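Hello,

Here is the structure we talked about. My notes on it follow below.

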Amino acid sequence: MTDHLQSIIENKVLRLTLSHPEDNNALTLDMVRLLSEALSEADDNHEVEAVLLDAQGKLFCAGIPQEASLSEMHAPYRKLFGTFREMHKPIVVSVQGPAFGAGIALLAAAHVVVAAQGVTFGLTEVRQARFSDLTFGAVARAIGKRRTLELSISGRIFAAQEALQWGLIHAIAPLIELEDRAWGIARELANAEPATIRETMDFARTFES
């Protein structure tokens with residue numbers, strides 16, 4: 001696709017890789033647009049039944065760059081998370097390194113998340129005197145408003161075990177096993193009955209407990 005976002009289809013799984021480690025895989029305007037387009041195309045592609053999102057480098061995603069204009073990012077960022085919510089095909093995320101700010105929103109918007117042991121997370125925008133309502137909303141839908149508020153105003157770093165307890169991630173694996181674990185989940189979902197997967201995801205979108 002591009003040097004910043006790589007893609008390959010294998011066994012009905014579209015693998016999207018954030019591949020700009022020099023910029024800590026930050027959610028730049030270009031990266032946001034590329035991700036949104038790739039997910040939309042995957043949802044319409046009959047050769048794809050699941051998506052695996054992973055990253056290269058030490059960090060999974062550093063979030064929105066500090067120098068970026070939040071007002072300029074708002075519309076494409078909203079479109080990206082709208083695309084996540086409207087997907088009819090499951091998105092699995094493999095988290096090999098720390099995720100911060102809007103990078104956590106990617107995990108919160110996905111359907112299954114596996115993280116490596118020792119990975120840390122943080123809603124750290126407060127340290128830059130910034131706030132994103134879209135990031136807050138995505139994370140709050142996954143782990144609840146009160147927890148998200150505490151993390152947002154403190155900006156504290158939290159561990160994978162906490163993320164697992166709150167439901168931000170679904171499994172923890174040794175780093176050496178992470179890729180195989182995530183691929184296995186993605187392939188299993190890709191080989192499930194597509195109509196049933198679609199029905200379940202449609203229902204989940206409108207379900208209120």
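**Helix H3 and its neighbours**

In H3, Ala102, Ile104, Ala105 and Ala108 meet Thr135, Ala138, Val139 and Ala142 of H4. By class, that contact holds seven nonpolar residues, one polar and no charged. Please keep in mind that this is a predicted model.

How do the two helices sit? H3 and H4, the latter spanning residues 133–143, pack at about 40°, with their axes 8 Å apart. Roughly parallel would need an angle under 35 degrees, so H3 and H4 are oblique to each other. The crossing of H3 past H4 is left-handed.

H3 also packs against H2. Helix H2 covers residues 70–86 and helix H3 covers residues 102–109; their axes come within 10 Å and cross at roughly 20°. H2 and H3 are therefore roughly parallel to each other. H2 passes H3 in a right-handed crossing. From H2, the contact uses Tyr77, Leu80, Phe81 and Phe84; from H3, it uses Ala102, Ala105, Leu106 and Ala109. The class count is eight nonpolar, no polar and no charged.

Ala102 and Ala105 are listed in the contact with H2. Both are also listed in the contact with H4.

How many of the residues of H3 are buried? Eight of its eight, and the helix is mostly covered. They are Ala102, Gly103, Ile104, Ala105, Leu106, Leu107, Ala108 and Ala109.

**Ile104 in detail**

Ile104 has its place in helix H3. Is Ile104 buried or exposed? Its relative accessibility is 0%, and the cut-off for buried is under 20%, so Ile104 counts as buried.

What does Ile104 touch, apart from neighbours within four places in sequence? Its contacts are Ala99, Phe121, Gly122, Leu123, Val139, Phe158 and Leu168. Val139 is one of the H4 residues in the contact with H3. Gly122 is 18 residues from Ile104 in sequence, and their C-alpha atoms are 7.6 Å apart.

**H1 against H2**

H2 has another partner in H1. Helix H1 runs over residues 29–44, and its axis comes within 9 Å of that of H2, crossing at roughly 25°. H1 and H2 are therefore roughly parallel to each other. This crossing, H1 past H2, is left-handed.

H1 brings Leu29, Val32, Arg33, Leu35, Ser36, Leu39, Ser40 and Asp43 to the contact. H2 brings Glu72, Met73, Pro76, Tyr77, Lys79, Leu80, Thr83, Phe84 and Glu86. By class, there are nine nonpolar, three polar and five charged residues. The contact of H2 with H3, by comparison, has no charged residues.

Tyr77, Leu80 and Phe84 take part in the contact with H1. These three are also named in the contact with H3.

**Salt bridges**

How many salt bridges does a search of the whole structure find? The search finds six. Three of them are described here.

Asp54 pairs with Arg15, and the closest N and O atoms are 2.7 Å apart. This pair links distant parts of the chain. Asp54 lies in strand S3 (residues 50–55) and Arg15 in strand S2 (residues 13–18), 39 residues apart. At 7% relative accessibility, Asp54 counts as buried.

Arg205 and Asp202 form a salt bridge at 2.3 Å, N to O. Both are in helix H8 (residues 194–206), three residues apart, about one turn of the helix. Arg205 is partly exposed at 29% relative accessibility. Asp202 is partly exposed too, with a relative accessible area of 31%. Elsewhere, Arg147, Glu150, Arg156 and Glu162 are joined into one network by salt bridges that share partners.

Within that group, the side chains of Glu150 and Arg156 meet at 2.8 Å, N to O. Glu150 counts as partly exposed, at 27% relative accessibility. Arg156 also counts as partly exposed, at 25%.

**Towards the start of the chain**

Where is Asp3? Asp3 is found in the segment before strand S1 (5–10). Its relative accessible area is 65%, and Asp3 is exposed. The C-alpha atoms of Asp3 and Ser19 are 6.5 Å apart, with their positions 16 residues apart along the chain counted as the separation.

Best wishes

Conventions:
Residues are numbered from 1 along each chain as its sequence is written. This is a predicted model: local features need pLDDT of at least 70, side-chain atom pairs count only at pLDDT 80 or more; totals for chains, interfaces and linings use all residues. Side-chain values use heavy atoms; hydrogens and water are left out. Axes are lines fitted to C-alpha atoms, for helices over the stretch in contact, and angles run from 0 to 180 degrees between N-to-C directions. Helices (H or I, at least four residues) and strands (E, at least two) are DSSP runs, numbered from the N terminus. Angles under 35 degrees count as roughly parallel, over 145 as roughly antiparallel, 65 to 115 as roughly perpendicular and the rest as oblique. A crossing is left-handed if the near helix is turned anticlockwise from the far one by less than a right angle, and right-handed if clockwise. Contact means heavy atoms within 4.5 Å. Ala, Val, Leu, Ile, Met, Phe, Trp, Tyr, Cys and Pro count as nonpolar, Asp, Glu, Lys and Arg as charged, and the others, Gly among them, as polar. A salt bridge is a side-chain nitrogen of Lys or Arg within 4 Å of a carboxyl oxygen of Asp or Glu. Buried means under 20% relative accessible area, exposed over 50%, partly exposed in between (1.4 Å probe, protein chains only).
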